[in-house]
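Thanks for coming. I will go through one structure, and you should have it open while I talk.

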Amino acid sequence: MKLINKVCQILALLFGVGALVLFFTDYATITSNGQAITLVGSQLAFGSKITFAGATVDMAISADLLFCMILTILAVVCSIFTFFAKGFGSRYASPAFSIVAGIYMLVVALRSPWLYVDTRPLENVTSVTYSIMVLLTSIALLLMAVAGVAHLLLADAIRVSESKGRLSIPQKIVHFFRDYKSETKKIVWPNLKSVLKNTGIVLLMCLIVGGFIWLLDFGLGQLLSLLLGV
């Protein structure tokens with residue numbers, strides 16, 4: 001089990017690094033004034049200066065791709081920490097970041113590129129197309145998440161087997177829902193008469209407090225007007 005756990009840990013890091021590398025490959029091709037220009041993912045995420053048709057153009061930042069790239073970097077960093085940190089913090093964080101980034105990138109890959117590639121600096125844009133790298137990035141991130149979750153569960157199982165009396169993560173989840181179910185059975189729901197009575201009391205108190213605040217505000221306003229001679 002320890003060997004499989006280590007393999008999952010290494011695979012998670014490799015998939016994460018692979019996804020990060022893919023951000024530096026060709027992501028989108030923009031056709032403007034009959035000429036095509038290809039941008040890599042990092043250029044779309046952070047913006048860049050490009051030379052197009054003899055002029056320098058400042059490409060705008062794609063907030064969606066920037067968000068995905070930052071999450072990917074965080075996932076890779078947390079994945080690296082799993083090799084050194086003894087706690088479960090980075091083991092939880094790495095799959096969490098990679099799942100969110102992978103799903104977001106999958107949405108970006110499957111929807112129209114016009115929604116995520118800012119073409120405003122360019123004129124007469126006729127088409128925007130993705131390369132296969134966008135989809136591959138999302139797949140790599142999702143595979144990283146799968147490997148990260150497998151590593152998390154295996155590491156937890158190893159920790160539980162080495163220390164008696166501790167519950168594994170699945171057991172903790174089942175235990176939580178059992179406690180939740182037992183606690184909900186203890187709830188005493190009020191009848192209609194009690195609900196109407198309590199609602200009336202709350203509304204009455206709101207009116208009384210609101211009236212008091214209004215009178216206090218009106219009185220202070222009049223006093224201030226008198227002192228200022230308005």
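I will start with the cavity. Sorted by class, the residues lining the largest cavity are two nonpolar, seven polar and one charged. This is a predicted model, so please keep that in mind throughout. The lining consists of Gln9, Ala12, Ser79, Thr82, Ser90, Arg91, Ser94, Pro95, Gly148 and His151. The volume of this largest cavity is about 60 Å³, and the count of cavities of 30 Å³ or more is one.

Which helices each supply at least two residues of that lining? They are helix H1, residues 2-22, helix H4, residues 89-110, and helix H5, residues 132-162. H4 gives the largest share, with four residues.

Next, helix H3. It runs over residues 63-81, which is 19 residues. At 1.5 Å a residue it should span 27 Å, and its end C-alpha atoms are 27 Å apart, so expectation and model agree.

Which residues of H3 are buried? The list is Leu65, Cys68, Met69, Leu71, Thr72, Ala75, Val76, Cys78 and Ser79. As background, an α-helix has 3.6 residues a turn, so residues three or four places apart point the same way. Ser79, from that buried list, is also one of the residues lining the largest cavity.

Leucine 74 is in H3 as well. Its relative accessible area is 34%, so leucine 74 counts as partly exposed. The C-alpha atom of leucine 74 is separated by 10.0 Å from that of serine 90, and the two residues are 16 apart along the chain. Serine 90 is another residue of the cavity lining.

Now the cysteines. How many disulfides does the structure hold? Zero. A disulfide is a covalent bond between the sulfur atoms of two cysteines; the cut-off used here is a pair of sulfur atoms within 2.5 Å. For cysteine 8, the closest cysteine sulfur is in cysteine 78, 18 Å away, which is too far for a bond. For cysteine 68, the closest cysteine sulfur is also in cysteine 78, at 16 Å, again too far for a bond.

Are these two cysteines buried or exposed? Cysteine 8 has 13% relative accessibility, so it counts as buried. Cysteine 68 is buried too, with a relative accessible area of 0%. The limit for buried is under 20%.

Last, the strands. Strand E1, residues 26-32, pairs with strand E2, residues 35-40, in the antiparallel sense over six bridges. E1 also pairs with strand E5, residues 125-130, in the antiparallel sense, over five bridges. Alanine 28 shows both pairings: its bridge partner in E2 is leucine 39, and its bridge partner in E5 is tyrosine 130. E1 is mostly covered, with five of its seven residues buried.

The hairpin of E1 and E2 has two residues between the strands, and asparagine 33 takes a positive phi there, near 55°.

To recap: one cavity of 30 Å³ or more, zero disulfides, and a strand E1 that pairs with E2 and with E5. That is the end of my part.

Terms used. Residues are numbered from 1 along each chain as its sequence is written. This is a predicted model: local features need pLDDT of at least 70, side-chain atom pairs count only at pLDDT 80 or more; totals for chains, interfaces and linings use all residues. Side-chain values use heavy atoms; hydrogens and water are left out. The expected span of a helix is 1.5 Å times one less than its number of residues. Buried means under 20% relative accessible area, exposed over 50%, partly exposed in between (1.4 Å probe, protein chains only). On a 1 Å grid over the protein atoms alone, a cavity is a set of points where a 1.4 Å probe fits but cannot get out, and a pocket is an open set with protein on both sides within 12 Å along at least five of seven lines; lining residues have an atom within 4 Å of a point. Grid points are joined across faces, edges and corners, and a volume is the space filled by probe spheres set on the points. Ala, Val, Leu, Ile, Met, Phe, Trp, Tyr, Cys and Pro count as nonpolar, Asp, Glu, Lys and Arg as charged, and the others, Gly among them, as polar. Two strands pair if DSSP finds at least two bridges between them.
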